[in-house]
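Let's walk through a protein model together, one question at a time. Have a look at it first.

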Amino acid sequence: MTATIKTVGIIGAGQMGNGIAHVCALAGFDVKLNDISPDRIKAGMATINGNMARQVSKKTISEDERKAALARIGPAEKIEDLGACDLVIESAVEKEEAKRKIFADLCPVLKPEAIVASNTSSISITRLASSTDRPERFIGIHFMNPVPLMELVELIRGIATDDATFDASKVFVTKLHKTIAVSEDFPAFIVNRILLPMINEAIYTLYEGVGNVEAIDTAMRLGAHHPMGPLELADFIGLDTCLSVMQVLHEGLADSKYRPCPLLVKYVEAGWLGRKTQRGFYDYRGDKPVPTR
Ligand SMILES: NC(=O)c1ccc[n+]([C@@H]2O[C@H](COP(=O)([O-])OP(=O)(O)OC[C@H]3O[C@@H](n4cnc5c(N)ncnc54)[C@H](O)[C@@H]3O)[C@@H](O)[C@H]2O)c1
């Protein structure tokens, strides 16, 4: 029997969490949005509102659909507020200890049959599952950024994930009108295993002075036909997330080819995390992004 998912909890109201809430609500699920900071929940709701308004102006959804979807999203300021959820998707910071702590707080408030998922970009699903009371009902549901626009979702089973959880997750993702790619539980899965080393290499290219920010991004946009340059993309993903993924690849695969570029480390240490802090390889504080190197 495939479990029926009606209410979805989302932990982390950042760029990914609010995007997941957005697509779930439009697909008719009731959504509870949680964050460690109530201000981030408010900001997440405002972002969803603005993004849906843009969809209305582009006529991809109607005003009635926007209103109905917004009415389905409610704040969950306390973890206990997620108690009635059939599925909870964790989309907080890409740090294993933080995720483990979240699961330790979450599991006791959930129904025994509830499914727990992580939107982690890179961390072992089997290891995260082992920190919960329900490894068989734990799965990786990895969305792409920006969630409302990107068609792909990776599904990753941990070693213990049972068939019912996998099947229920497939039905859930299909209802969001996304296409599934199934990945084995290896560091960074499929997309980020390929994408992040390319971004890291672009940062080495900058670090070694082969080209400046503008030259590197122009080269890859026009020379490789990428819709965005790799440094622009790194800023969009968040440099903290990029660094965490490279660290997981480096540690998990024990191969020096995944060594995070020291310049990436330095930017993260400076708090220059890309668009979300208005400064990364570009400076976003003015009218248009200005390359910083
Ligand atoms: N950025 C991307 O392109 C991308 C793509 C796919 C998956 N992911 C993954 O999604 C997750 C979130 O990334 P993001 O880009 O949305 O980051 P973000 O920095 O925009 O948001 C993270 C949010 O989590 C909240 N948070 C931190 N600790 C928390 C806790 N203990 N409980 C509740 N909320 C907490 C923060 O307040 C913040 O609002 C990460 O695991 C990341 O690897 C990111």
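Here come some questions and answers about this predicted model.

Q: Are helices H1 and H2 parallel, perpendicular or oblique to each other?
A: Start with the angle: H1 (residues 15–26) and H2 (residues 38–57) pack at about 55 degrees, and their axes are 9 Å apart. Roughly parallel would need an angle under 35 degrees, and roughly perpendicular would need 65 to 115. The two helices are therefore oblique.

Q: What is the handedness of the crossing where H1 passes H2?
A: Here we look at which way one helix is turned relative to the other. For H1 passing H2, the crossing is right-handed.

Q: How many charged residues does the contact of H1 with H2 have?
A: On the H1 side, the contact is made by Asn18, Ala21, His22 and Leu26. H2 brings in Gly44, Thr47, Ile48, Asn51, Met52 and Gln55. Sorted by class, that gives 4 nonpolar and 6 polar residues, while the number of charged ones is none.

Q: Is glutamate 90 buried or exposed?
A: Glutamate 90 sits in strand E4 (residues 87–90). Leaving aside neighbours within four places in sequence, its contacts are Ile11, Lys99, Ile102, Phe103, Ala117, Ser118 and Asn119. Its relative accessible area is 1%, and the cut-off for buried is under 20%. So glutamate 90 is buried.

Q: How far apart in space are glutamate 90 and isoleucine 102?
A: Ile102 is among the contacts of glutamate 90. In sequence the two are 12 residues apart. From C-alpha to C-alpha, their separation in space is 8.2 Å.

Conventions: Residues numbered from 1 in each chain as written. Predicted model: local features only at pLDDT ≥ 70, side-chain atom pairs only at ≥ 80, totals over all residues. Heavy atoms only, no water. Axes fitted to C-alpha atoms, helices over the stretch in contact; angles between N-to-C directions. Helix = DSSP H or I, 4+ residues; strand = E, 2+ residues; numbered from the N terminus. Parallel < 35°, antiparallel > 145°, perpendicular 65-115°, else oblique. Left-handed = near helix turned anticlockwise from the far one by under 90°. Contact = heavy atoms within 4.5 Å. Nonpolar A, V, L, I, M, F, W, Y, C, P; charged D, E, K, R; others polar. Buried < 20%, exposed > 50% of the residue type's maximum accessible area, 1.4 Å probe, protein only.
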